[in-house]
Amino acid sequence: MTVERRALLRAKVTQAYVDSYGMEPAILIAAPGRVNLIGEHTDYNDGFVLPCAIDYETIVAIGPGNEAEVHALACDLDSDHDSFDPIQPFAKQPAEWKNHVRGIAASLTDKGFALTGSNIAIAGNVPQGAGLSSSASLGVALAKAFDEMHQLGGLGKTELALIAQHSENHYVGCACGIMDQLASARAVTGAALQIDCRSLETTPISIPDHLAIAVIHSGVQRGLVDSAYNERRVQCEQAANHYGVAALRDLTIEQLEDGQSGLDEVSFRRARHVVTENARTLAAGEALIKGDLTALSTLMAQSHTSMRDDFEITVPAIDQLVEIGAQFLGATGGIRMTGGGFGGCVVAVVEKSKAAALESWVSQHYQTPDHGSAPFFLCEPSSGVSVLQAR
Ligand code: GLA
């Protein structure tokens with residue numbers, strides 16, 4: 001974790017807490033955003049993903065409040081604040097961040113935990129609307145903060161991730177899979193996390209020291225994401241039904257092709273993306289272990305093509321950015337769109353020694369839709385949720 005960046009964020013959230021509640025917070029929790037190296041839209045098909053946590057995060061400060069109410073303050077949103085009784089049923093709010101806080105509290109209540117009042121302040125530096133999972137980092141940090149504050153019994157990291165996903169699915173209203181929350185909870189410093197989204201088993205795969213993870217924002221904010229995302233989920237379920245399998249994870253490429261008859265062309269392409277992407281994700285894990293950058297480069301390029309042509313979740317600006325990055329990298333690094341799609345970021349795996357040259361190549365050859373240069377973030381593969389300050 002970049003020490004200075006965290007120190008600034010920690011100072012900001014602590015100061016806001018003190019200003020608002022008149023005392024120091026009892027507990028500070030940090031949870032990171034993530035970037036997915038490969039394995040897109042495979043998580044809700046029980047498949048494989050390979051994200052790593054990044055050194056951009058959300059910090060939640062929490063301490064005792066009055067008996068009945070949870071008070072929450074969003075430092076990054078003009079100190080917007082919220083108060084609610086955690087015993088009362090969840091009530092949806094117009095401001096989305098409030099639904100995350102209330103949703104985590106409600107999800108813990110659903111699990112049978114009894115929350116009482118507390119004071120909370122939240123600050124984060126994960127770029128929003130970029131596909132870097134600022135929401136998952138918020139959810140996981142909040143779940144851990146409530147766990148520590150109310151001594152719920154030390155929830156395991158996978159449990160924290162499941163609670164955060166439950167909150168997204170049932171209260172925030174996003175039908176996401178488990179990748180983002182598990183990465184934010186369980187990631188390991190210096191490694192990508194291979195996740196089997198059926199068993200929830202996670203395997204850290206070291207990222208060799210000489211490689212850098214670069215995240216480049218296309219300048220296109222992700223729009224209309226929910227409806228398109230949900231549509232893809234439904235298409236995948238329909239395809240799984242057609243093949244008579246529990247999830248697309250259970251299909252081989254041969255089975256996919258042999259059983260194609262009777263399936264509409266679009267659903268077939270959606271399924272083909274998922275089945276081939278699962279295979280690529282496992283192969284990419286192997287390539288990373290062997291340090292085989294050429295293989296990784298090919299797999300990431302194929303992943304992008306499959307997202308563009310079969311799953312249809314890229315946009316022209318993203319395709320152009322990937323093409324420009326690939327011209328520079330050749331077989332010496334990989335680049336593809338990352339995250340849910342329809343804008344946001346691309347991820348590149350590049351030799352550290354070439355990262356600065358990649359950045360200037362992109363700024364010379366790519367312009368965001370509003371004619372700016374693309375924000376470029378070099379990310380350290382970071383650890384999952386942590387307690388920065390314990391009671
Ligand atoms: C979003 C979702 C994840 C995953 C990705 C696509 O980030 O939150 O669960 O489905 O899209 O890979």
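A pocket is here an open set of points, on a 1 Å grid over the protein atoms alone, with protein on both sides within 12 Å along at least five of seven lines. A molecule sits in a pocket if more than half of its atoms lie within 2 Å of its grid points. By these criteria, the ligand of this predicted model sits in the largest pocket. Local features of the model need pLDDT of at least 70, and side-chain atom pairs count only at pLDDT 80 or more, whereas totals for chains, interfaces and linings use all residues. Residues are numbered from 1 along each chain as its sequence is written, and side-chain values use heavy atoms, without hydrogens and water.

Around the ligand (a heavy atom within 4 Å) are Arg34, Glu40, His41, Asp43, Tyr44, Cys176, Gly177, Met179, Asp180, Tyr229 and Gly340. This shell divides into four nonpolar, three polar and four charged residues, with Tyr, Met and Cys counted as nonpolar, Asp, Glu and Arg as charged, and Gly as polar.

Polar contacts (N or O atoms within 3.5 Å) link the ligand to the shell. A ligand oxygen atom is 2.7 Å from a polar backbone atom of His41. Side-chain N or O atoms of Asp180 and of Tyr229 each have a ligand oxygen atom at 2.6 Å. Taken alone, the ligand exposes 310 Å² (Shrake-Rupley method, 1.4 Å probe), of which the protein buries 93%.

The whole structure contains zero disulfides, that is, cysteine sulfur pairs within 2.5 Å. For Cys52, the nearest cysteine sulfur is that of Cys379, 7.4 Å away. Cys52 is buried (under 20% relative accessible area), at 1%, and Cys379 is also buried, at 7%.

Notes. Polar contact = N/O pair within 3.5 Å; in protein donor to acceptor, adjacent residues only side chain to side chain. 1 Å grid on protein atoms, 1.4 Å probe; cavity = no way out; pocket = protein on both sides within 12 Å on 5 of 7 lines; lining within 4 Å. Buried < 20%, exposed > 50% of the residue type's maximum accessible area, 1.4 Å probe, protein only.
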